[in-house]
Amino acid sequence: MTLTDDELVARSISGDAESFNQLILRWERPIYALAYRVIGREEDARDVCQETFLRAFRGLPGFKGQAKFSSWLYRIALNLCRDWIRRQRRAPVMQMPEGVDPGELVADRGPVESIEELVSRRQLSGVVEEAMALLPEEQRTAIILKEYHGMTFQEIADMQGCPLSTVKTRLYQGLTVLRRYLEKNGQMSPQLVKRS
Amino acid sequence: MNDMFTCGDHDALVSYLYDECDPQQRRAISAHVAICAACASEVAALTATREQLALWSPPDALLGFKIVSEEPAARSNVLRPPRWWRQPLPAWAQAAAAVLIFGTGMTLGALRNVAVRGPEGSAPLSSSALQVAAVASSATPATIKDLAALEQRLRGEMSQIRAVSAPGRQSATSAQTVPNGPVGATDAQVFARVRQMIDDSEQRQQRELALRTAALVRDFDAQRNDDIARIERTIGQMDGTTGAEVAQQRQVLNYLMRVSQRGQ
């Protein structure tokens, strides 16, 4: 019989570490995915994921069930991601994906080809990731929570601590930037879009 | 939310895009998009962008985090001074312990020497001779008995002599004592016999001791020869095993050589 999150949480609070391990097993992939998409680095995302569950475990006695356990986890993870971004002290838009050498990119750069275009040519599959890296943190997080974690506008608003309308604005602005970037890098055909 | 849609209302478009609006609003937006090319294009572009976003997946990572019991870790992380019985002893305590152990050993050794000491008055055996003495000690009680019997006999003879040499009875017994000679000569004989018996006893002891020592040496030699034979057998077996392994490796090498030559 599969226990619900609430049941596992109750057991964990009463001292059953194995129940908490089941919660980890259930949520570590989504939390890791969230962390990776927000901060864009595999190792750091794993660290954030681990720290999220550690903090959750330590904070279990204070978890009164006022929100879903998953929402609580997401909030912890997002706070950790924000801390990580602040520590980096650099704009995430300038961050290169792992495995890409900026020096090599500049050396290969043609006369009319931008660095962004070169990245998209060499790493076609990673173009979305690069586009996401262009977004401000709030827009990126809103899109990630909506697109990849299926949260409602209200849940995102609660998570980000902002009004519902702000969430919609962030989503629209973020999607618009992404759309332009993707069109520019040949991932989407402007003509086709217009025709449809 | 009203059922009217204003062209350019991006928040409403986003709600429509994610299907998070009430049915009335959805109908109103659908009706507007059907007649407005700009809004239709916007919705199509955003939908296509969302499709592209679906391509992005994070790399696989080895996760498998687990909460383990904190208790042992916490114990090991806490820096506590070691317990008194785990602390190293100071130099004076170590010296005292050494003296105590040495004294105990000496006492035990002395007690063992007393235990294997021979008949009263004889020299104590050295510790190196303990084993031999232990074996030979079985002969000691018989010697004591002999000596006791000898003493008894001597006392009897001496009392007889005293009785013979007593006044009034000297003439009557003179005939008997003549063959034995004068009283002084009889004492000398007695002492000579005593010395003879003591010498005999010592010789018996020495013989017994020599026999036991010889038996001990013979047993020791037999055991030693047996051990040497066993060691040689083991070494021989090891040599055989190693030789077999070397032969096997040679066979493998030869096979590889043949195979490689065939390939060329």
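Here is a short chat about packing and salt bridges in this predicted model.

Visitor: Which residues have the most contacts inside the largest nonpolar core?

Guide: Nonpolar side chains tend to be buried together in soluble globular proteins. Here the largest nonpolar core has 76 residues. Those with the most contacts inside that core are Phe20(A), Phe69(A) and Met132(A).

Visitor: Leaving out residues up to four places away in sequence, what does Phe69(A) touch?
Guide: Phe69(A) is one of the residues with the most contacts inside the largest nonpolar core. Skipping residues up to four places away in sequence, Phe69(A) touches Asp5(A), Val9(A), Phe20(A), Leu23(A), Trp27(A) and Phe63(A).

Visitor: Asp5(A) forms a salt bridge, but with which residue?
Guide: Side chains of opposite charge can pair when their charged atoms come close. For Asp5(A), the closest N and O atoms of the pair are 2.7 Å apart. The link joins distant parts of the chain, from helix H1 of chain A to helix H2 of chain A, 21 residues apart. The partner is Arg26(A).

Visitor: Is Asp5(A) buried or exposed?
Guide: The cut-off for buried is under 20% relative accessible area. Asp5(A) has 16%, so Asp5(A) is buried.

Visitor: How do the axes of H10(A) and H1(B) lie, roughly parallel or roughly perpendicular?
Guide: Helix H10 of chain A covers residues 164-184, and helix H1 of chain B covers residues 10-17. Their axes come within 9 Å and cross at roughly 80 degrees. Angles of 65 to 115 degrees count as roughly perpendicular, so H10(A) to H1(B) is roughly perpendicular.

Visitor: How many nonpolar residues are in the contact of H10(A) with H1(B)?
Guide: On the H10(A) side, the residues include Leu171(A), Tyr172(A) and Leu175(A), and on the H1(B) side they include Val14(B) and Leu17(B). By class, the contact also has four polar and two charged residues. The nonpolar count is five.

Visitor: Which residue of chain A meets Arg50(B) in a salt bridge?
Guide: The pair crosses between chains, from helix H3 of chain B to helix H8 of chain A. Arg50(B) counts as partly exposed at 25% relative accessibility, while its partner is buried at 19%. With 2.7 Å from N to O, that partner is Glu147(A).

Visitor: Which residue of chain B is linked with Arg179(A) and Glu183(A) in a network of salt bridges?
Guide: Arg179(A) and Glu183(A) form a salt bridge, with the closest N and O atoms 3.4 Å apart. They are four residues apart in helix H10 of chain A, so about one helical turn separates them. The chain B residue in the network is Glu42(B).

Conventions
Residues numbered from 1 in each chain as written. Chains lettered and ligands numbered in written order. Predicted model: local features only at pLDDT ≥ 70, side-chain atom pairs only at ≥ 80, totals over all residues. Heavy atoms only, no water. Core = buried A, V, L, I, M, F, W, Y, C linked by side-chain atoms within 4.5 Å. Buried < 20%, exposed > 50% of the residue type's maximum accessible area, 1.4 Å probe, protein only. Contact = heavy atoms within 4.5 Å. Axes fitted to C-alpha atoms, helices over the stretch in contact; angles between N-to-C directions. Helix = DSSP H or I, 4+ residues; strand = E, 2+ residues; numbered from the N terminus. Parallel < 35°, antiparallel > 145°, perpendicular 65-115°, else oblique. Nonpolar A, V, L, I, M, F, W, Y, C, P; charged D, E, K, R; others polar. Salt bridge = Lys/Arg side-chain N within 4 Å of Asp/Glu carboxyl O.
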